[in-house]
Each structure stands twice: as structure tokens, then as C-alpha cells.
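This report covers a strand region and the helix that comes after it. Please keep the sequence and the 3D view at hand.

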Amino acid sequence: MKIPFLGNRRKEPEAHDAEGIAELLSECELLRHQAYRSGVQLDDTAASLEALDQLVPRWRDDPEVLEWLGNDAGLYLGTVIVRTVDGARWGIRSDGQPVIRLASGREFDVVAEGHEWAASGVPELSQLYAEVAEA
């Protein structure tokens, strides 16, 4: 018996939906909210990374916000890289950590870099982008 609205339940699961993963990882809701409140438009460009680097880091007083913002900053950095650097794509390590993989095979843990940026401002997101874009 075929019931069309149930679809094919025996279908093999998809390995990874690259566009779906990229869309999900690009949300960065807390970072986008913080940037918006500070008058910074996040348009997925290298220039927006420079603008983020100029924000006054008021979030450093709140450990919970710091953790979430660091995660979002890394995901946003990765989003800009994937959308502007030829051959860059998201990958998921075996431990579940999202990383950026370049066409050369190099891999960048942008989330760890985002946490460093949120906690200390160093290295700057725009500097990290420049290093990856050159690679």
C-alpha cells in the first residue's frame, strides 16, 4: 500500500546537506543582535568583520553571553569565508565541531577563533579572514 503523503520511508539518509548546513551555521542570532544594536550591519562581507572588530566589547562582563557570542563570532567568520573565498566550505569534524575547509585541504577551527576574539579581541576577525583568504 502506497500512501503518497508519507513519502519513501526506506530512503537512504543524506550524507550532508551542504546548503542546509551553511544556512543553519550562518544564523548567528546573538552576534547579529549585538551588531544591530551597535549600528553594524552584518552583510557577510570582509568589511563587516572589520566593523565587528571595532565594537566596544560590553559582552565580556557576562560569561554566559561571552560564550554564546564567541560561538556566533566564529560561525559568522566561517560564513564570510565560505561566501567569499573560492573553494572554502563547511565541514563537520568527527567530534561535531564545525570547521572551514579550504580547497588546499587546510582546515580552520573558526569557532575556537571566535571564542578568542570574544574573550580578548585578539586576533581580530578581519585579520583571521585575511590570513585564510591568502591561503
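What follows treats the strand pairing, then the turns, then the helix.

This is a predicted model, in which local features need pLDDT of at least 70, side-chain atom pairs count only at pLDDT 80 or more, and totals for chains, interfaces and linings use all residues. Residues are numbered from 1 along each chain as its sequence is written, and side-chain values use heavy atoms, with hydrogens and water left out.

Helices (H or I, at least four residues) and strands (E, at least two) are DSSP runs, numbered from the N terminus. Two strands pair if DSSP finds at least two bridges between them. Both pairings below are antiparallel.

| Pair | Residues | Bridges | Facing residues |
|---|---|---|---|
| β1 and β2 | 89-92 and 98-101 | four | W90 opposite I100 |
| β2 and β3 | 98-101 and 107-108 | two | R101 opposite E107 |

Each pair forms a hairpin. Five residues lie between β1 and β2, and G96 there has a positive phi near 90 degrees. Five residues also separate β2 from β3; in that turn G105 takes a positive phi of about 100 degrees.

Now the helix. α5 spans residues 110-120. Its V110, V111, G114, W117 and A118 are buried, meaning under 20% relative accessible area with a 1.4 Å probe, protein chains only. They lie on the same side of α5 because they cover an arc of only 115 degrees around the axis. The arc is taken from the directions from the helix axis to the C-beta atoms.

What do the buried residues of α5 pack against? Their partners are α3 (46-53), α4 (63-84), β1, β2, β3 and α6 (125-134). Contact here means heavy atoms within 4.5 Å. G121 follows α5, with a positive phi near 85 degrees.

Definitions and conventions
Buried means under 20% relative accessible area, exposed over 50%, partly exposed in between (1.4 Å probe, protein chains only).
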